[in-house]
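Please find below my notes on the model you sent round, written for someone who is meeting it for the first time.

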Amino acid sequence: MNKIFWVVLAVVVLGGVWVFGTYNSLVSLDQGTKTKWADVEGQYQRRLDLIPNLVSTVKGAANFEKTTLTQVVEARAKATQVVIDPNKLDAISLQKFQEAQGAVGSALGKLLAVAENYPQLGATASFRDLQSQIEGTENRIAVARKDFNTAVMSYNTRLVQFPGNIISGMFGFTQKAYFAADQGASVAPAVSF
């Protein structure tokens, strides 16, 4: 009986160590996705913070298209209203966030394209600096999104692999959504000379 007790005790202890180890690795991966999500939000916020300065600089250009400026300001306002709970990084929430940020990107693209029609605007140092900062921010956003997707892949993989799938079910861990390519991104733009 004494040997059976020690064998059962060893099995219970090893099982506990296994459960705690798996649980802790899931918690670490979950926290990693939340950290990477915060990085994504930070880069998008950086872009949103640059917009008022860009709009102010562009307003000084004579006869600049007011509708373009209005579109940028409205897209920024809508994007600031979309907030995602880092504990609920599901596909629907991420899609809403992506749509709002996509509208900002589209409006900024139109603004910068229209600004090319105003050489005096392009000649100002403040406009060139803001344009450069926005381009740099767009690159940072792309890197942050890639890093987030990598963290989500590690987390989701651990959730579905054994023994993570057992522990995740016991403790309510759920898969997180990835950033997807924007609609139309798979279609190459037409170039004509």
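The points that follow deal with aromatic contacts, one exposed lysine and a surface patch.

1. Please keep in mind throughout that this is a predicted model.

2. The count of aromatic pairs comes to nine. One of them joins phenylalanine 148 and phenylalanine 179 in an edge-to-face arrangement, with 5.7 Å from centre to centre and 75° between the planes. This pair links distant parts of the chain, since phenylalanine 148 belongs to helix H5 (residues 125-160) while phenylalanine 179 lies in the segment after helix H6 (164-171), 31 residues apart. Both phenylalanine 148 and phenylalanine 179 are buried, and together with Trp37, Tyr44 and Phe97 they form one aromatic cluster.

3. A ring also has a charged neighbour, for lysine 176 lies over the face of tyrosine 155, at 5.0 Å from the ring centre.

4. Lysine 59, which lies in helix H1 (residues 2-59), counts as exposed because its relative accessibility is 54%, the cut-off being over 50%. Between lysine 59 and leucine 121 there are 9.7 Å in space, C-alpha to C-alpha, although the two are 62 residues apart in sequence.

5. On the surface, Trp18, Tyr23, Phe162, Ile166, Met170 and Phe171 form a nonpolar patch, whose accessible area together is about 620 Å². Helices H1 and H6 each supply at least two residues of this patch, and H6 gives the most, with three residues. Isoleucine 166 has its place in helix H6, and with a relative accessible area of 35% this isoleucine 166 is partly exposed.

Note on methods:
Residues numbered from 1 in each chain as written. Predicted model: local features only at pLDDT ≥ 70, side-chain atom pairs only at ≥ 80, totals over all residues. Heavy atoms only, no water. Phe/Tyr/Trp six-rings, centres within 6.5 Å; stacked < 30°, edge-to-face > 60°. Helix = DSSP H or I, 4+ residues; strand = E, 2+ residues; numbered from the N terminus. Buried < 20%, exposed > 50% of the residue type's maximum accessible area, 1.4 Å probe, protein only. Lys NZ or Arg CZ within 6 Å of the ring centre and 35° of its normal. Patch = residues over 30% accessible without salt bridge, like charges linked within 9 Å, V, L, I, M, F, W, Y side chains within 5 Å. Areas by Shrake-Rupley, 256 points an atom, 1.4 Å probe, with all protein chains shown as cover. Salt bridge = Lys/Arg side-chain N within 4 Å of Asp/Glu carboxyl O.
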